[in-house]
Amino acid sequence: MTGRPAAGRRDSRPAAGRRDGGGAAAGGRASGGGEPGKPPYRAGFACFVGRPNAGKSTLTNAIIGTKIAITSNKPQTTRHIIRAVLHRPESQLVLVDTPGLHRPRTLLGERLNDLVRSTWSEVDVIGLCIPANEPVGRGDRFITGELAELKATVMAVVTKTDLVDKRRLAEQLLAVSKLGEFAEVVPVSAVSGHQVDTLVDVMTGYLPESPQLYPDDMLTEDPEQVLIAEMIREAALEGVRDELPHSIAVVVEEMIPEGQLMKIYADVYVERSSQKAIVLGHQASRLKQVGITARQQIEELLGTRVYLDLHVRVAKEWQRDPNQLRKLGF
Ligand SMILES: Nc1nc2c(ncn2[C@@H]2O[C@H](COP(=O)(O)OP(=O)(O)OP(=O)(O)O)[C@@H](O)[C@H]2O)c(=O)[nH]1
């Protein structure tokens with residue numbers, strides 16, 4: 001296998017399942033109409049948006065029930081679109097994960113914003129996440145304004161409800177409902193699981209009647225290599241300085257099965273040699289720890305023992321260089 005970059009692809013619809021493509025549905029369902037008396041089959045795309053740290057990735061993980069999107073207690077770590085498919089008997093919800101909109105300072109920043117906007121214009125349902133424990137602010141108003149132009153159904157999701165009492169939650173729900181024209185306002189806690197299923201039901205209700213878009217056994221369209229690269233990147237980000245997250249990219253170069261063992265060779269890209277030193281740590285001790293952490297998660301993902309070989313490489317100023325960005329999958 002050759003290296004697939006950690007970055008997600010821009011095309012967020014599967015060729016076989018495209019509703020507008022005229023082809024047969026991937027799952028073989030003939031139509032969205034269903035039998036008389038039965039609710040129609042619904043399928044479509046949804047994403048969560050919101051200011052950094054609003055809890056989008058954690059919520060995505062809680063819904064999917066497996067660790068796919070990156071979560072971190074630092075803002076702006078979700079960079080790649082990672083799609084997961086949630087199957088139910090009468091519906092299929094395809095979740096895409098977007099990074100936050102932010103003031104672009106580099107070419108990467110601009111591309112990220114383009115990516116966010118192009119995702120927004122493709123989905124059927126958008127959940128605007130606003131934390132229950134922080135006042136509604138300028139960032140929320142800005143995003144609400146941007147969303148107002150779209151054809152998608154926009155609902156507000158008040159996240160992290162476990163962090164506030166009932167009174168505070170009621171006040172927040174009121175403040176959020178005054179923020180814009182939302183189809184719904186749904187409180188949820190990804191950590192306690194409270195209302196997570198309800199949120200999925202509500203979102204699904206706004207999906208269009210449609211044939212199934214993906215086969216039944218599909219959890220995520222992204223290949224294992226992408227998930228593995230994300231896990232390595234997440235481990236490499238733990239405990240490093242705030243400015244580093246956007247400077248790290250991971251490419252899985254090779255995966256070689258050897259009996260019960262999977263050998264994985266991956267490159268961790270940084271922009272400058274000073275950053276390389278940070279990632280490596282004293283006598284490469286930090287990189288070793290990154291390897292241990294990532295390996296444990298990858299073993300869980302693959303269900304086999306893993307040998308993980310990590311190399312830190314400097315790709316000078318990769319965030320500003322279109323060729324490097326392309327190589328790294330942006
Ligand atoms: N208590 C509590 N904490 C949460 C909940 N959801 C998320 N968090 C925490 O909030 C922080 C941010 O969560 P993320 O899911 O990474 O937020 P995000 O919106 O994806 O952040 P960006 O990637 O920066 O856009 C993390 O420390 C999470 O553990 C929740 O329901 N309850």
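Q: What makes the largest nonpolar core a core, and which residues have the most contacts inside it?
A: A nonpolar core is a set of buried Ala, Val, Leu, Ile, Met, Phe, Trp, Tyr and Cys residues joined through C-beta atoms within 7 Å. A residue is buried if 20 or more other C-beta atoms lie within 10 Å of its own, exposed if 12 or fewer do, and partly exposed in between, with C-beta atoms placed from the backbone. The largest set of this kind has 40 residues, and Leu128 and Val157 have the most contacts inside it. This is a predicted model, in which local features need pLDDT of at least 70 and side-chain atom pairs count only at pLDDT 80 or more, while totals for chains, interfaces and linings use all residues. Residues are numbered from 1 along each chain as its sequence is written.

Q: Which elements give two or more residues to the largest core?
A: Helices (H or I, at least four residues) and strands (E, at least two) are DSSP runs, numbered from the N terminus. The contributors of two or more residues to the largest core are β2, α1, β3 (84-88), β4 (91-97), α2 (107-120), β5 (125-131), β6 (153-159) and α5 (196-205). The largest share, six residues, is that of β2. A second core is separate from this one; it has 29 residues, among them Ala236, Val268, Leu308 and Ala315.

Q: Which residues does Val157 touch beyond its neighbours in sequence?
A: Two residues are in contact if their C-beta atoms, placed from the backbone, lie within 7 Å. Setting aside residues up to four places away in sequence, Val157 touches Phe48, Gly127, Leu128, Cys129, Val186, Val188 and Leu199.

Q: How do you know how far β2 is covered, and on which faces?
A: In a regular strand the side chains alternate between the two faces of the sheet. Eight of the eight residues of β2 are buried. On one side these are Arg42, Gly44, Ala46 and Phe48, and on the other Ala43, Phe45, Cys47 and Val49, so by the burial cut-off both faces are covered.

Q: What makes β2 and β5 a pair, and in which sense do they run?
A: Two strands pair if DSSP finds at least two bridges between them. β2 and β5 have four bridges, in the parallel sense, and therefore count as a pair. Phe48 stands opposite Gly127 in β5.

Q: Why are the buried residues of α3 said to line one face of the helix?
A: In α3 (residues 138-147), Asp140, Ile143 and Thr144 are buried. Seen down the axis of α3, the buried residues fall within an arc of 105°, taken over the directions from the helix axis to the C-beta atoms, so they line one face. An α-helix has 3.6 residues a turn, so residues three or four places apart point the same way. Arg138, Arg141, Phe142 and Gly145, on the other side of α3, are exposed. The buried residues of α3 pack against β2, β5 and α4 (166-179).

Q: Why is Gly55 called buried or exposed?
A: Gly55 has 24 C-beta neighbours inside 10 Å, so it counts as buried. Gly55 is in the loop between β2 (42-49) and α1 (56-64). Leaving aside neighbours within four places in sequence, its contacts are Cys129, Pro131, Thr159, Lys160 and Ala190. Thr159 is 104 residues from Gly55 in sequence, with 6.6 Å from C-alpha to C-alpha.

Q: What makes the backbone of Asn53 and of Gln195 notable, and why is each called buried or partly exposed?
A: Neither is a glycine, yet Asn53 has a positive phi of about 75°, and Gln195 has a positive phi of about 75°. Asn53 is in the loop between β2 and α1, and counts as buried because it has 20 C-beta neighbours inside 10 Å. Gln195 is in the loop between β7 (185-187) and α5, and counts as partly exposed because it has 18 C-beta neighbours inside 10 Å.

Q: How do you know how confident the predictor is along the chain?
A: pLDDT is the predictor's confidence in each residue, from 0 to 100. The chain has a mean pLDDT of 77, and 70% of its residues reach 70 or more. Over residues 1-33 the pLDDT is below 50, and this stretch has 73 contacts in the model beyond near neighbours in sequence. Over residues 67-80 the pLDDT is also below 50.
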